[in-house]
Amino acid sequence: MSVEQPRSPVMPAIYDLGFRHYDGERLGSWYATRTLFWDTYRGSYGFGRSTRAKIMPLLLAVLVTVPTLIIGAVAIFTKLDHLPVSGSKYVAGVALLTTLYVASQAPQAVSRDLRHRTISLYLSRPLRRGQYVLAKAAALIAATFTFLAVPVTVLHVAGLLAKLSVRAQLTGWFGGIWTAAMYAVLLPMLALAICAWIVRRGFGIAAVVVTLFLSAVVVGILANVIAYDALNNDTPVPGGAILALAFSPLTLIDGLRSWILGDRPDASFVPDTGALGTAYVIMFIVLLGVSVLALVWRYRTVSVS
């Protein structure tokens with residue numbers, strides 16, 4: 001009877017494919033995060049992408065800036081004593097263009113990596129999921145802020161060139177920048193949260209636009225129904241009608257802008273008391289928090305295999 005000899009363990013083979021070895025500095029995950037941020041920021045204006053991808057963001061950027069050039073030229077050559085619109089009201093007035101910009105760029109920030117499964121390459125190493133989300137969100141927020149801050153700056157620089165009050169132009173500019181920051185934080189986070197779950201670009205764009213505008217229409221109708229008697233009798237708008245507008249991102253930001261800056265429209269369904277203003281602030285934080293949680297949860301469930 002033969003005795004079976006024990007098998008030796010199979011040692012893994014290492015093949016030298018002839019690639020050059022890298023002995024330099026390892027820049028780490030935060031360098032990768034910064035690189036991803038810059039790439040996404042540039043991509044939000046079509047740079048580094050195809051010519052077709054540049055059309056929409058650059059066209060919207062032109063459309064949102066040209067009116068401020070016209071307003072500035074009129075103020076300079078007709079010697080107006082004040083600008084016809086403040087930076088804050090201008091940002092609120094171009095909310096449609098801002099929505100279209102955010103809706104068109106959010107899918108390119110997150111949907112493509114999920115749809116084509118390239119997300120696994122990003123998350124293999126050394127980039128972590130939280131860093132990926134941070135880079136993408138920060139990039140779209142920064143791009144949206146640039147989209148709005150440039151025309152606000154052009155508007156008030158034109159006011160200075162028209163020799164209007166320096167104090168008034170600085171105040172108007174700070175108000176416009178503050179309003180731009182509110183739009184640039186909430187709208188991109190909502191759009192990213194939606195597009196991270198809807199990976200097809202066209203459906204993602206439609207979902208963002210419908211969500212933002214449909215909610216504004218619905219709460220607008222609800223507010224008018226609640227305030228119907230007050231509007232017919234020229235009495236103050238009830239708080240319930242004003243509070244209803246806090247449930248749409250677009251009307252929420254506009255009301256918050258009006259309450260914080262005191263820059264009220266002529267017909268105002270805006271917070272006129274501290275309690276209503278505080279409710280708007282709380283609603284803003286809640287919507288932002290829900291968007292962040294939905295985005296983070298989505299990437300925690302993404303498989304990298």
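1. A residue counts as exposed when its relative accessible area is over 50%, and as buried when that area is under 20%. The present model is predicted, and the points below apply these cut-offs to selected residues before turning to the packing of helices. Lys79 has a relative accessible area of 69% and is therefore exposed. This residue is found in the loop between helix H2 (51-77) and helix H3 (87-93). Its phi is near 55 degrees, a positive value in a residue other than glycine.

2. Lys163 invites a similar remark on its backbone. Its place is in the loop between H6 and H7, and its phi is positive, at about 60 degrees, although the residue is not a glycine. With a relative accessible area of 76%, Lys163 is exposed. As background, most residues other than glycine have a negative phi.

3. The two helices on either side of that loop pack against each other. The axes of H6 and H7 are 8 Å apart, and the packing angle is about 160 degrees. H6 and H7 are therefore roughly antiparallel to each other, since the term applies to angles over 145 degrees. Their crossing is right-handed. Sorted by class, the residues of the contact of H6 with H7 comprise 19 nonpolar, seven polar and one charged.

4. Gln169 belongs to helix H7. Its relative accessible area is 6%, so Gln169 is buried. Apart from residues up to four places away in sequence, Gln169 touches Leu83, His156, Gly159, Leu160 and Leu164.

5. Helix H7 (residues 166-197) also meets helix H11 (residues 249-261), the two axes coming within 10 Å and crossing at roughly 155 degrees. That angle makes H7 roughly antiparallel to H11. The crossing of H7 and H11 is right-handed. On the H7 side, the contact is made by Gly175, Trp178, Thr179, Met182, Tyr183, Leu186, Leu187 and Leu190. On the H11 side, the participants are Pro249, Leu250, Leu252, Ile253, Asp254, Leu256, Arg257, Ile260 and Leu261. The contact of H7 with H11 has 13 nonpolar residues, together with two polar and two charged ones.

6. A further pair is formed by helix H6 (residues 129-161) and H12, whose axes come within 10 Å and cross at roughly 135 degrees. This angle makes H6 oblique to H12. The crossing of H6 and H12 is right-handed. H6 contributes Arg129, Tyr132 and Val133 to the contact, while H12 contributes Leu295, Val296, Tyr299 and Arg300. Of the residues in the contact of H6 with H12, five are nonpolar, none is polar and two are charged.

7. Tyr299 lies in helix H12 and deserves separate mention. It is buried, with a relative accessible area of 2%. Neighbours within four places in sequence aside, Tyr299 is in contact with Val110, Leu114, Ile119, Arg129, Tyr132, Val133 and Ala196. Leu114 and Tyr299 are separated by 185 residues in sequence, yet their C-alpha atoms are 9.5 Å apart in space.

8. Which residues touch the most other members of the largest nonpolar core? This core has 73 residues, and the ones in question are Phe147, Tyr183, Leu192, Leu252 and Tyr299. Leu192, leaving aside neighbours within four places in sequence, is in contact with Ala106, Ala109, Val110, Lys136, Ala137, Leu140 and Leu295.

9. Arg298 lies in helix H12, which spans residues 274-300. Is Arg298 buried or exposed? Its relative accessible area is 16%, so Arg298 is buried. Apart from neighbours within four places in sequence, Arg298 is in contact with Leu114, Ala196, Trp197 and Val199.

10. Ile205 is found in helix H8 (residues 201-226). Because its relative accessibility is 23%, Ile205 counts as partly exposed. Residues up to four places away in sequence not being counted, Ile205 touches Ala103, Ser104 and Pro107. Ile205 and Leu100 are 105 residues apart in sequence, with a C-alpha to C-alpha distance of 8.4 Å.

Methods
Residues numbered from 1 in each chain as written. Predicted model: local features only at pLDDT ≥ 70, side-chain atom pairs only at ≥ 80, totals over all residues. Heavy atoms only, no water. Helix = DSSP H or I, 4+ residues; strand = E, 2+ residues; numbered from the N terminus. Buried < 20%, exposed > 50% of the residue type's maximum accessible area, 1.4 Å probe, protein only. Contact = heavy atoms within 4.5 Å. Core = buried A, V, L, I, M, F, W, Y, C linked by side-chain atoms within 4.5 Å. Axes fitted to C-alpha atoms, helices over the stretch in contact; angles between N-to-C directions. Parallel < 35°, antiparallel > 145°, perpendicular 65-115°, else oblique. Left-handed = near helix turned anticlockwise from the far one by under 90°. Nonpolar A, V, L, I, M, F, W, Y, C, P; charged D, E, K, R; others polar.
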